[in-house]
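This report goes through one protein chain, moving from single residues to the chain as a whole. Please keep the sequence and the model in view while reading.

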Amino acid sequence: MSLKPPAGYGTITATNPAAAQNSKDLTFTSRANPQTSQPVYSARISQSVYPTRRPWPELFSLTSFSVPYNYADAMARIKHNISYFRVNYAMAVLLIVFVSLLWHPVSMIVFLIVLVAWLALYFFRTGPVVLFNQSFDDRLVVVVLSLVTVVALVFTHVGLNVLVSLIVGVVVVGLHAAFRVTEDLFLDEETAAENGLVSVVANQPLRPTSYTRI
């Protein structure tokens, strides 16, 4: 009675070196060739072209506030938070301006007309603003819409109301931006990876494993 092991018993499978090399080449090519992959900085570009409204609970999280260490820390927080929460801040300032116009019906009607432009060109748009085959940055759109809003309301003889409401809005936004910590806010995927959001386990090299096929 012969005891011959079945074919393939006790053999160790090995990967094809040529296939592995081809896989590495393909991976390297897909990352290096900009014509066959998405742009590396697409996330950063989308932050300046497409406005993003952040969740309101994230804006008002009580556990995310602290007193800045010094003036430099406060200015760094303001700069970062304005870039991160710029859509939310714009909504807040427009709400303050709207409240200041409650006793001025004509000015309120003008404001609502201008608000339609805000909704179409900033808050709810799904692509960049293009004029004469030129796309405009998100910040430029905010500046132009702000100027149009102020000028339109000034012509309705509520210049003092607009000035006071803008001052109140700037103070509210500045205080929030100065006291809101920024350690948990990432403007793009690359910044998130640099600040440790991506798990370090993902960066560990995989150990080669072998198994016995039965």
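In this predicted model, Thr156 is in contact with Ser107 and Val110, leaving aside its neighbours within four places in sequence. Thr156 is found in the loop between H7 and H8. Its relative accessibility is 17%, and because buried means under 20% relative accessible area, Thr156 counts as buried. The side chains of Thr156 and Ser107 are joined by a polar contact of 2.8 Å.

**Helix H6**

Ser107 also belongs to the buried residues of helix H6, which spans residues 105–123. The others in that list are Met108, Phe111, Val114, Trp118, Tyr122 and Phe123. These residues are on the same side of H6, because they cover an arc of only 130° around the axis. A general property of helices is helpful here. An α-helix has 3.6 residues a turn, so residues three or four places apart point the same way. On the other side of H6, the exposed residues are Pro105, Val106, Ile109, Ile113 and Val116. What covers the buried residues of H6? Helix H5 (86–100) and helix H7 (138–154) are included in the cover.

**Salt bridges**

How many salt bridges does a search of the whole structure find? The search finds three. Side chains of opposite charge can pair when their charged atoms come close. The table gives each pair with its N to O distance.

| Pair | Distance between N and O |
|---|---|
| Asp73 and Arg77 | 3.6 Å |
| Asp138 and Arg86 | 2.5 Å |
| Arg139 and Asp137 | 3.7 Å |

Asp73 and Arg77 are both buried. They are separated by about one helical turn, because they are four residues apart in helix H4.

Asp138 forms its salt bridge with Arg86. This pair links distant parts of the chain, with Asp138 in helix H7 and Arg86 in helix H5, 52 residues apart. Are these two residues buried or exposed? Asp138 is buried, at a relative accessible area of 0%. Arg86 counts as buried too, at 13% relative accessibility.

In the pair of Arg139 and Asp137, Arg139 is partly exposed, with a relative accessible area of 43%. Asp137 is partly exposed as well, with a relative accessible area of 29%.

**Asn81 and its contacts**

Arg86 appears again among the contacts of Asn81. Asn81 has its place in helix H4, residues 71–84, and counts as buried at 0% relative accessibility. Which residues is Asn81 in contact with, leaving aside its neighbours within four places in sequence? They are Arg86, Tyr89, His176, Ala177, Arg180, Val181, Thr182 and Leu185. For Ala177, the backbone oxygen is reached by the side chain of Asn81 at 2.7 Å.

**Thr63 in a loop**

Val181, one of the contacts of Asn81, can also be compared in position with Thr63. The C-alpha atoms of Thr63 and Val181 are separated by 9.3 Å, while the two residues are 118 residues apart along the chain. Thr63 lies in the loop between helix H3 (56–59) and H4. Thr63 is exposed, with a relative accessible area of 75%. Its side chain is joined to that of Ser61 by a polar contact of 3.2 Å.

**A nonpolar patch**

Part of the surface is formed by a nonpolar patch with about 970 Å² of accessible area together. Its residues are Phe65, Val67, Leu160, Leu163, Val164, Ile167, Val168, Val171, Val172, Leu175 and Phe179. One of them, Leu163, lies in helix H8, which covers residues 159–179. Leu163 is partly exposed, with a relative accessible area of 48%.

**The chain as a whole**

The secondary structure of the protein chain comes to nine helices and two strands. Read from the N terminus on, the elements run α-α-α-α-α-α-β-β-α-α-α. The chain has 214 residues, and buried residues make up 28% of them. Its accessible surface comes to about 15400 Å², and 68% of this belongs to carbon and sulfur atoms. Of the contacts between residues at least 6 apart in sequence, 77% join residues at least 24 apart. The salt bridge between Asp138 and Arg86 is one link between distant parts of the chain.

Note on methods
Residues numbered from 1 in each chain as written. Predicted model: local features only at pLDDT ≥ 70, side-chain atom pairs only at ≥ 80, totals over all residues. Heavy atoms only, no water. Buried < 20%, exposed > 50% of the residue type's maximum accessible area, 1.4 Å probe, protein only. Arc of directions from axis to C-beta. Contact = heavy atoms within 4.5 Å. Patch = residues over 30% accessible without salt bridge, like charges linked within 9 Å, V, L, I, M, F, W, Y side chains within 5 Å. Areas by Shrake-Rupley, 256 points an atom, 1.4 Å probe, with all protein chains shown as cover. Salt bridge = Lys/Arg side-chain N within 4 Å of Asp/Glu carboxyl O. Polar contact = N/O pair within 3.5 Å; in protein donor to acceptor, adjacent residues only side chain to side chain.
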